[in-house]
Amino acid sequence: MASRDFVYKKFSEFYSNPSTVTPQLSMIGQRELGFLLFKERVMVRHKSFESMSSLKRFLSETVPSDVYHSCAYYENPEAEMSKKGWLGADLVFDIDADHIPTPCDKVHDEWTCTNSKCGFSGKGITPEACPICGGQKFETKTWACELCLEAAREETAKLIDILEKDFGFSHQEMRVFFSGHRGYHVQIEKDAVKTLDAMARKEIVDYVSGIGLSILEDEAKGKTQKRRRSTPFHLHNFGWHKRLKLGLQSFIMRATKDDLKNVGIKGNYAAFLENREVLLKRCIEENRWDSVRGIGVGTWRKLAKYVQSLEAAKIDTVVTTDIHRLIRMSGTLHGKTGLLKVEFPAKSLEDFDPLREAVAFKEGTARVSVSEAPEFRLGDNTLGPYKNQVVELPTAAAVLLICKGRAEVAQ
Ligand SMILES: [Zn+2]
Ligand SMILES: [Zn+2]
């Protein structure tokens with residue numbers, strides 16, 4: 001209780017200080033807003049605000065733990081769903097470490113099935129359904145370590161590259177955010193995307209994910225064995241084909257025997273490993289994919305499938321296709337970390353330091369009793385690891401550990 005009061009007090013100070021609270025949202029009057037209330041832990045939806053100043057007043061009076069807005073624009077944002085009058089929606093992508101396999105997720109992530117008769121638990125990425133009872137609700141214990149954040153950043157870089165080179169959006173047209181927890185959001189607010197329906201957005205999801213590339217299909221059904229063997233493999237020089245080519249090129253240059261085994265290529269290792277130069281020239285450059293003995297179309301297709309999985313941007317597909325989605329508002333605090341959702345220019349992705357830029361509570365310290373925390377960094381402070389000990393921490397670190405359920409305010 002004391003811990004929750006402490007976090008509430010910090011959030012309250014943040015939302016009452018006009019110099020720290022800077023929520024950002026375009027077209028606020030046409031958006032639905034939602035809030036998770038601190039004390040009651042209930043979600044309040046279908047709210048609408050005329051202006052930023054009225055929203056700020058509400059935030060300082062209500063002190064929500066999380067603030068969301070619709071990607072959509074409505075005639076009547078406060079009406080019930082069917083009567084809102086959907087006018088359009090931003091195109092939104094969510095990249096979250098929750099959906100990216102990392103070597104560390106087995107170390108710091110746990111999930112427990114909340115079905116009271118089941119309670120099965122495991123480590124790593126939370127499954128879609130419980131393997132024992134099939135339930136779909138879980139309690140999760142996660143950690144945003146630097147490896148996870150780095151993995152999310154790499155996926156975001158791939159996404160931005162695809163949106164830029166293949167869709168033609170400029171960096172200025174992409175709004176990029178750190179989510180305040182374990183990932184990034186990319187948002188496009190151009191008129192050209194606003195009225196896309198869910199099906200059109202699904203097409204974009206498939207493209208970004210590299211799903212349904214015909215060059216990777218094993219052949220149309222019904223063809224004879226003979227025809228199948230003669231189906232050509234050909235890559236042109238734009239879009240996904242170009243991505244596959246570049247990916248194959250770098251694979252050829254660095255592949256080891258083990259890499260070839262992992263990709264599922266059997267036997268003809270020497271043909272591959274001893275002919276790298278020839279493969280690069282004849283196959284990649286000249287598109288003569290069948291010109292090296294022992295490496296046929298089947299091998300290229302396997303390699304290309306592998307490269308597709310590397311080059312695809314691992315987004316949370318549901319977020320992009322849901323045209324009524326609520327997403328966290330930039331400039332507000334994340335209830336699971338006490339960190340801010342912050343916007344930064346797409347071109348700065350490489351240099352952006354989320355564990356510095358998202359720190360909201362920059363002053364003071366607090367004494368907390370930590371049950372368990374790995375070593376972590378916030379700004380210039382590297383802290384932990386801690387296990388069952390009382391420590392004095394910078395406020396932001398204390399709030400983070402309490403929000404994560406790993407510490408209590410020390411009595
Ligand atoms: Zn279960
Ligand atoms: Zn991690």
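Is Leu340 buried or exposed? Select this residue first, bearing in mind that the model is predicted: Leu340 has a relative accessibility of 12%, and because buried means under 20%, Leu340 counts as buried. In the chain, Leu340 belongs to the loop between strand 12 (326-328) and strand 13 (342-344). If you leave aside the neighbours within four places in sequence and display its contacts, you will find Phe14, Phe178, Ser179 and Gly180, among others, together with Ala358, Val359 and Ala360. A distance drawn from the C-alpha atom of Leu340 to that of Asp353, 13 residues along the chain, reads 13 Å.

Next, select the zinc ion (ligand 1), which is coordinated by the SG atoms of Cys113, Cys118, Cys130 and Cys133 at 2.2 to 2.3 Å. The angles subtended by these 4 donor atoms run from 99 to 113°, which makes the arrangement tetrahedral, and the donor residues follow the spacing C-x4-C-x11-C-x2-C in sequence. Of these donors, Cys113 is buried, with a relative accessible area of 4%, whereas Cys118, at 23%, counts as partly exposed.

Move on to the zinc ion (ligand 2), whose protein donors are Cys104 (SG), His108 (NE2), Cys145 (SG) and Cys148 (SG), at 2.1 to 2.2 Å. Here the 4 donor atoms subtend angles of 102 to 120°, and this arrangement is tetrahedral; along the chain the spacing is C-x3-H-x36-C-x2-C. Two of these donors link distant parts of the chain, since His108 sits in helix 3 (residues 105-108) and Cys145, 37 residues apart from it, in the loop between strand 9 (138-141) and helix 4 (146-165). His108 is buried at 12% relative accessible area, and Cys145 is buried at 15%.

Now turn to the aromatic rings, for which the count comes to 21 pairs. Select Trp111 and Phe138, whose ring centres are 5.5 Å apart with planes at 85°, so the pair is edge-to-face; Trp111 lies in strand 7 (residues 110-113) and Phe138 in strand 9, 27 residues apart, and both residues are buried. Then select Tyr184 and Phe344, another edge-to-face pair, with centres 6.0 Å apart and planes at 80°. Tyr184 lies in strand 11 (residues 183-188) and Phe344 in strand 13, so this pair ties together parts that are 160 residues apart in sequence. Tyr184 is buried, with a relative accessible area of 0%, and Phe344 is buried at 7%.

Finish with the cluster that ring pairs form from Tyr8, Phe11, Phe14, Tyr15, Phe38 and Phe361, where Lys39 lies over the face of Tyr8 at 4.0 Å from the ring centre. Elsewhere, the charged end of Lys341 sits over the ring of Phe177, 4.5 Å from its centre.

Conventions: Residues numbered from 1 in each chain as written. Chains lettered and ligands numbered in written order. Predicted model: local features only at pLDDT ≥ 70, side-chain atom pairs only at ≥ 80, totals over all residues. Heavy atoms only, no water. Helix = DSSP H or I, 4+ residues; strand = E, 2+ residues; numbered from the N terminus. Buried < 20%, exposed > 50% of the residue type's maximum accessible area, 1.4 Å probe, protein only. Contact = heavy atoms within 4.5 Å. Donors = N, O, S within 2.8 Å, 3.2 Å for Na, K, Ca; no water. Tetrahedral: all angles 85-135°; square planar, octahedral: opposite > 155°, others 65-115°. Phe/Tyr/Trp six-rings, centres within 6.5 Å; stacked < 30°, edge-to-face > 60°. Lys NZ or Arg CZ within 6 Å of the ring centre and 35° of its normal.
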